[in-house]
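Visitor: I would like to learn how the labels used for a protein model are justified. Could you take me through some of them, setting each value against its definition?

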Amino acid sequence: MAAEAPPTSTPQHAAGPSGPNHGLRIFVIWLILSLAADLIIWFVWGPHLPPGAMSSSASTQQFTIRVMAVMAAPVMVLVLVYFIYALVVWRAKPEDEQDGPPLHGNTRIQAIWITLTSVIVLALFVFGTVTLYTSNGAGGGQGASPLQVPSGPVLQVQVIGQQWKFTYRYPQFGGFETTDLVLPTNQWVQFNVTSIDVIHSFWAYQLGVKADANPGVNNVAFTKIDHAGTFVVRCAELCGLWHGAMFDYGQALSPAAFQAWAKVTEAKLADVTAALPPYSLTYDPTFIPQMSKAMVAGGFNGAQGFFYAPQDPFQP
Amino acid sequence: VSLPARVSLLIVAFLGVVAIGAFVVLHYFLGGPPVEDYSSGVAANTGATVHVVMQEAPENTVSTHPDWVSYFIQNPQTKAWVHTTLFSVPAGSRVDMTIYGFDGCTPLRNPYWGKVTGVIGNTVDVNGKAYSFINSWSGCNVGHTFSIPSINLNVPMATPGLIQANKPGLCPTAPCQPGTPAQVPYRVMQFSFMTPHTTGEYYWQCRVPCGGGFLTGFGGPMQTIGFMTGNMTVVS
């Protein structure tokens, strides 16, 4: 067996003193592509990112997604550029069978990389927290005691989840209840979201509002609608057989048109409103003070969440 | 083990898997309650009238769940009661609905659903008397609802009174027959609505938590097609 010949020349992939400056090349390519990507994301793609800009909360979410995309794009571009550059430039030639140069750690690169990514993550953390706080929760459910409440007049709308439909009560208009979600533009709306059976989730997509509807819990979310129009309301929590059909359309009207609608609806539903339980932030289906004496005498006390009289069929 | 034995074993195993697959497909996906066809012979989008007849029975003695409350639909040709909640109607037509209510009362969790919506005149006739709202908390008035959410249709189903329900008692055997025996109490609900012009499946449900014994009363029959929920198929 013939002895292996020693290497006679410097490997092609090792940049010698006179070789190309790979770092500079990668940096320039990365800079150009990142700038292009960020400009496209911000100016071309950004205005079309979900959930749109129909309301304050939707705009906040869209702005946040744009900022995050703009910050994430250079990172992704760097990884891809380095990956492709390595594949193209440092690819071993077909006749090259020698080992590559040994790898060594580079403390400076590691320090830069860790510092840079830490700064990005911490900056996003601060940005996200400040945005969440200054935008009154950015349309998300904040529980019963929200940290930030908008100033000025706020329209109260209660969202009641039930299998498989949301209904809405307007306490500032006599507490009427309806299946139509109608809201005014240019006014803060406070959604008080609850459920009277299982867990649902109120998701007004174009408004950027999403709040869980839990029985016995009031979950508060805020938004301010900028443009009149329609929006989709969906249940975002698997809630039973017809969960997929639990969607509807809401409507945003001018303040004057909303006032007219609310007053007409309040008058139209007065007889139904009189039979509803008094407006409350949550409802306890196991206790119905309005239950008639005859019903109570018949055993319909609502105990344990069931309305069945003792003699009725019961499935254990 | 010989080659023929191994081949035979392989064939048997393969056939077994195929049989299990076929069973699953036939039993779970293609099985289910029949669809009562109220659309045959009626032209769609002409405003023609079809008459759909249903009943809600307190105890379902014709299924594997005898203590589940259930709707039944009358076959339009034979007039026999069929244990199903699926029916088809022509698009753009008027449906005159008659529902016999044999079940006792259970208050609505949300009394809002005592309001009649989405039907012609926004009223339901209960034994010939028109109602636009029935308060299920003020008395033994409501047993179930018939609701098609996508067309905003909601009709509370009235019940025999509490005294009537306790004595002589509710219909004991499903499907119930109006007037047989004579003392079995029931109510007759009649209302009309227009079917959508868009064909497709429109699910309907009951809004009374009548799945007794299940979480929030909305399990069992409330979540099972063929009992307290089903589909109205609108065809062209």
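Visitor: Why is the disulfide of C171(B) and C176(B) called left-handed?

Guide: The torsion about the S-S bond of C171(B) and C176(B) is about -105°, and so the disulfide is left-handed. Please keep in mind that this is a predicted model, in which local features need pLDDT of at least 70 and side-chain atom pairs count only at pLDDT 80 or more, while totals for chains, interfaces and linings use all residues. Side-chain values use heavy atoms, with hydrogens and water left out, residues are numbered from 1 along each chain as its sequence is written, and chains are lettered from A and ligands numbered from 1 in the order in which they are written.

Visitor: How do you know that C171(B) and C176(B) are joined by a disulfide?

Guide: A disulfide is a pair of cysteine sulfur atoms within 2.5 Å, and from S to S the distance for C171(B) and C176(B) is 2.1 Å, so the pair meets the definition. A search of the whole structure finds 1 disulfide over all chains.

Visitor: What keeps C239(A) from being counted in a disulfide?

Guide: The nearest cysteine sulfur, that of C235(A), is 3.8 Å away, and C239(A) is in no disulfide. Likewise, the sulfur of C206(B) is 3.9 Å from the closest cysteine sulfur, in C210(B), which is too far for a bond.

Visitor: Why is C239(A) called buried?

Guide: Buried means under 20% relative accessible area, exposed means over 50%, and partly exposed lies in between, with a 1.4 Å probe and protein chains only. C239(A) has a relative accessible area of 4%, and therefore counts as buried. C206(B), at 0% relative accessibility, is buried as well, and both C171(B) and C176(B) are buried too.

Visitor: What makes β6(A) and β7(A) a pair?

Guide: Strands are DSSP runs of E with at least two residues, numbered from the N terminus, and two strands pair if DSSP finds at least two bridges between them. Strand β6 (residues 200–204) of chain A and β7(A) have 5 bridges in the antiparallel sense, so they satisfy that rule. Within this pair, S201(A) stands opposite D212(A) in β7(A), and the two strands form a hairpin with 4 residues between them.

Visitor: Why are β3 and β8 of chain A said to stand at the edges?

Guide: The open sheet has 5 strands in the order β3-β2-β1-β5-β8 (chain A), with mixed pairing. β3 (176–178) and β8 (219–224) each have a single partner strand, so one side of each is left without a neighbour in the sheet.
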